Amino acid sequence: MSHLDFLSPDLAADDAVWRSPLERALAHAPEGVEDLTRTAVFEVRGDVDGLEGEVVRLTPERAYVLCPFEEAGRVRMRLTGAGRVVVDASAGWAGLRVHGETLMHRLTDLDLNALPALGALAHVRALVIRDEGDSFRLYFAQEYGHSVAEAVIDAAEGLA
Amino acid sequence: MRLEPQQGERIDRSHEVSFTFHGASVRGFEGDTLASALYAEGQRIFSRSFKYHRPRGLLCCRGTCPNCMVQVDGTPNVRACVTPIREGASVEAQNVWGSLDHDLLAITDKIGGPFTPVGFYYRTMIRPRRAWPLYEKFLRNVAGLGKVDKHAGRASRYDVEHRHAEVLVIGGGESGQAAAREAAAEGRHTVLVDNGPDPIELEGVETIQGTALGTFEGGLVPVDAGLVLYRFRAGHVVVAAGAVEQPLLFPGNDLVGVVLPEAVRRLVGRWSLRPGTRAVVISADDGGLDTLPYLERAGTEIAEVVDLRETRVHEIAAQGRGGRLASVELDGLKVGCDLLVVSGGRQPAYALLAHAGARVEYDDGRGIFVPTDLPPGIEVVGPAAGETGDAAIPAATYNGAAKKGKCFVCICEDVTDKDVKRAIAEGFDSIELAKRYTTVTMGPCQGKLCHVPSIRLYARENETDEATIGTTTARPPWQPVELGLLAGRPHEPAQRTAIHHRHKELGAKMMWTGSWRRPHSYGDPAAEAKNVHDSLGVIDVSTLGKLIVSGPDSAAFLERLYPNRFGDMKAGRIRYGVLNSDAGRIMDDGTLARLSEEDFYVTTTSTGAGAVVEWFEWWNAIWRMDVEIVNVTGALAAVNVAGPNARELMTRLTDLDVSNDAFMYLDAKHAHVAGAPSLLLRIGFVGELGYEIHFPSPYGEHVWNEILAKGADLGVKPFGLEPQRILRLEKMHILVGQDTDSESNVLEASMPWIAKLDKDDFVGKWSLEHVLERGFREQLVGFEMENGVVPAEGGQIVIDGRPGGRVTSARWSNQLDRAIGMAWVPPNLAEEDAELTIKVDGSVEKARVRLRPFFDPEGEHLRT
Amino acid sequence: MSFLLPCPNCGPRPVDEFTCTGEVTVRPKSDPTLRDLTDYLYFKNNVAGVQREWWCHRLGCEAWFTADRDTRTNEVLSVEVPAKK
């Protein structure tokens, strides 16, 4: 076992029960709000050119790499090397998919035409990615998960 | 009286809407406002004034003056003239004792004058002092305008929406629309904000109905759109806010029937209402004259028209009956009328520019204040820039020799010209002082109708000019705004551990630690603490800050940052570290586990994680060492299992060899625990054999459940922060921020072994050396109470009758059957068995100093 | 305060996304006198004018950088990421 393996949720035994911090808040979520927490996220420091996976650069030497949870092991291995420091941050991030610019405007003052970006969303640091149309992915620290989910559902209710 | 259908009227006569006014039904049409519907049914008095309770009627009809403010469905201070009619609304007058027609408090108008001059509350109702509660009760009942309904509950939902625009145009009049069209034609993303009653449609421009409240740094312009606050960030702001019609100052200028030109245009043009039967018009500009066609259309007889640009008038006085206009005297000529249209010119609405830092200058040719020296990013167009047309400069007042009748400078606050003169006579001669003393401009209109007239009056009374008097500082909001809108949604971010729901289900009493929710206890803190000593306890410590410090320079980096020595740590070992500022003060504490030659795992206090990460990164921004710091606080849940049965429990959860020889005290090991990949730290802050298990947070509930299930027959019980405090205190472990403050250092806090002063350099080294040189001023020690009384935290140590130290922690320990605590004492008392005198609830109690842990000082339980 | 700060990585952002630890100071190179130590720890220039300060984009890229800000107007004249050694 590598000495940072204790961070990787994909290395758990089959009978260990994985639960999302958003589960309870989303029990009564409106249509169109989807839990994306079961996603792998890697913190990569060093040479962040040409990395495999969905790459979001924060600085010239720091990036987040996202990939499906099932591919975590493979991507983790591919990222290691070339003097890079790779830390599996998967367990630290919760995620949501939402729809609509107006909804987003009620959650964040990030410029929605300048995504992906890291900034404040519902008063919490978040990674915001825009997909086709008006679909947005939000990733934020899992300990704020319930809080952010509540804010998102509340904002959606205000637009209903 | 409702006229025949007019061209351009805004009412839809096929749609009736009704509401109640003091219980009586009022019928109007869709397109009416509350005021126009009431006016149509003959209502002329809409409110009673602030101090004198004088009858007031429609004056501006555009939401500027206070005269039409009413209570609607429990909401106070609603301007009826701009509030659309609403089916079923319940409308009531405010600030009356009795009714609008017969307000008992109008007695202050008749006799109150001598007793209620400007600033009277600085001189009256002071003695006898014991009568204040009576004065206060009286004042609270008569002061203010609307009443807040404390039992209304949450009536509205307010949302905040963040928007961006390349160009934000404020004001949708002619110049605003032109500016917006131009910007859009240049391909710039343009938004137009207008607070008028009619929606505006402009091609290529997004228009919003709302009021811009102010301009702030960074192109921030908040827009009040009723239930939504738009927080605009604009690249460029164009202010086309127009100009405000100004009144004239003369005795009787507040009588019902004295109006500004816009009132005529709206009453006739929008709502098809006759504003009066016989009118006099006195105008310093085209504004008053522009109302003539409207008056003719309405069938109002025009008795006299005075254009102040052509005719010089010295005295104007209005007379009334029961507060309603009956005649106007112009230089001795008396004219009967029930409508007096006055226009003192138009004053540019410069406030939004002043907020942004523009200067305001007096144009003495035209008698207006104009914005100038605009900062970058903002421009002004149209009347707001000073393009207000040809106007005569009105006299400060038109009193002449007239002695009768009140001439109001500020109708919001009921300040007369005599009040202003008195204030100046009392020495309040600068405008900022005079404003605060007279309260002119401090009412609902916020100076829109009274600021410039008052400046003219100050200038005359001080024998100087308006340019010298100047203006007062303009501050947001431009228009009154509901506090609920500024508050937005009631949402504050809170941090929860992955095990949160299990604590709630187990009946935990939750508390805040910073923004974390944590269990204080599960109902019986004393029993929970005892259970840790007797069998087995488990606590959720997921809130601990957790950092990976990785790289060839990681050990050297930590050595430079901490007073401790870490370079000689072997992989798989743990040390307790105390982080220092460069002033040698304790910032935070935690454990450091060396995972490998280049990797360390550092924990911090629960509320310190963010600050510690920033501290580490900041120093490395300066030192640029080959090390990476990664914050994994939320990625890992952590639980601490402690008690004599802890080892047995671990054998049931993991394949790892947890015998004492294989897994020693202060070892760190990797293993799967309950199926989750984990880092196990054998540490012991609660004094018993214990293991801290760190593992990925999605497995939080799973691991917790397994611990409770597999430890059931071992007596496992969860324990919270309160029992943890008792247990830690028994071991005399400091709590950073509780036992230490921003001045404490590791030497005086009795942890000298932490500071390895033989190291070359570390953050805080020089300061600690200085502490040794100057000698200790105080020391942190433990103590035991002789009589078992638990002193309050913060309680004073009494030395020679004076405070000489303080208690930082104190608890009753069932395990030790004693009251124990920690305190800062003078160095001469920092000796085993020294006697302390502690103030407890007014009396004094004795205690003995202890320098070694109260429970198991040798640490045998930890190492078992 | 609502001015925008140009983060070297993320572009202009509202100031409340950042942490500011104040004036850039120079740590004494070695064993300072008590006076020099106290100067370094407690005395700041605190100019009414352009000041070089440490900022961290706490809610964004989390990078530390220095900014030259005019304390009278909050205009940020330039930002700089500390060079790697």
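In the predicted model, B:Met664 is partly exposed, with a relative accessible area of 42%. This residue belongs to the loop that connects helix H18 (646-653) with strand E37 (668-673) of chain B. Leaving aside residues up to four places away in sequence, B:Met664 touches B:Arg573 and B:Arg682. B:Arg682 lies 18 residues from B:Met664 along the chain, and the C-alpha atoms of the two are separated by 7.2 Å.

Chain B, in which this loop is found, comprises 22 helices and 46 strands. Its radius of gyration is 38 Å, well over the 29 Å that the globule rule gives for 864 residues, and chain B is therefore more spread out than a compact globule. The C-alpha trace of chain B spans about 110 × 70 × 55 Å along its principal axes. Of the 864 residues, 57% count as buried. Among the contacts in chain B with a separation of 6 or more, 64% are made by residues 24 or more positions apart. The exposed area of chain B is about 35,300 Å², of which carbon and sulfur atoms supply 50%. Chain B carries 95 positive and 117 negative charges, and the mean positions of the two sets are 5 Å apart.

Strand E31 (residues 545-550) of chain B is largely enclosed by the rest of the structure, because six of its six residues are buried. In a regular strand, side chains alternate between the two faces of the sheet. In E31(B) both faces are covered: B:Gly545, B:Leu547 and B:Val549 are buried on one side, and B:Lys546, B:Ile548 and B:Ser550 are buried on the other. Pairing of strands in a sheet proceeds through backbone hydrogen bonds, either parallel or antiparallel. E31(B) runs antiparallel to strand E34 (residues 599-604) of chain B, to which six bridges join it. Within this pairing, B:Thr603 of E34(B) stands opposite B:Lys546. E31(B) is also joined by four bridges to strand E35 (residues 628-631) of chain B, again in an antiparallel arrangement. Here B:Val630 of E35(B) is the bridge partner of B:Ile548. B:Lys546 and B:Ile548, the residues named in these two pairings, are both buried on one side of E31(B).

Several backbone features of chain B were also examined. Most residues other than glycine have a negative phi, and most peptide bonds are trans. A cis peptide bond nevertheless joins B:Arg127 and B:Pro128, with omega of about -5°. B:Pro128 is located in the loop between helix H2 (107-110) and helix H3 (132-142) of chain B. Another cis peptide bond joins B:Pro476 and B:Pro477, where omega is about 0°. B:Pro477 occupies the loop between helix H12 (466-469) and helix H13 (483-487) of chain B.

Positive phi values occur at B:Ser750, with phi near 65°, and at B:Asp833, with phi of about 80°; neither residue is a glycine. B:Ser750 is situated in the loop between helix H20 (721-730) and helix H21 (765-774) of chain B, and is partly exposed at a relative accessible area of 25%. B:Asp833 is situated in the loop between strand E44 (818-825) and strand E45 (835-840) of chain B, and is likewise partly exposed, with a relative accessible area of 40%.

In chain A, five strands form an open sheet with antiparallel pairing, in the order E1-E6-E9-E8-E7. Strand E1 (34-35) and strand E7 (117-121) stand at the edges of this sheet; each has a single partner strand, so one side of each is left without a neighbour in the sheet. Within the sheet, five bridges join strand E8 (residues 124-130) to strand E9 (residues 135-141), and these two strands run antiparallel. A:Leu127 stands opposite A:Tyr139 of E9(A).

Chain C contains one helix and six strands, arranged from the N terminus as β-β-β-α-β-β-β. Its C-alpha trace spans about 40 × 30 × 20 Å along the principal axes. Of the 85 residues in chain C, 47% are buried. Residues at least 24 apart in sequence account for 44% of the contacts in chain C between residues at least 6 apart. Chain C exposes about 4,800 Å², with carbon and sulfur atoms supplying 52% of that area. The side chains of chain C include 11 positive and 12 negative ones, and the centres of these two sets lie 4 Å apart.

Methods
Residues numbered from 1 in each chain as written. Chains lettered and ligands numbered in written order. Heavy atoms only, no water. Rg over C-alpha atoms; globule rule 2.2 N^0.38 Å. Buried < 20%, exposed > 50% of the residue type's maximum accessible area, 1.4 Å probe, protein only. Contact = heavy atoms within 4.5 Å. Areas by Shrake-Rupley, 256 points an atom, 1.4 Å probe, with all protein chains shown as cover. Lys, Arg positive; Asp, Glu negative; His and termini not counted. Charge placed at Lys NZ, Arg CZ, Asp CG, Glu CD. Pairing = 2+ DSSP bridges.
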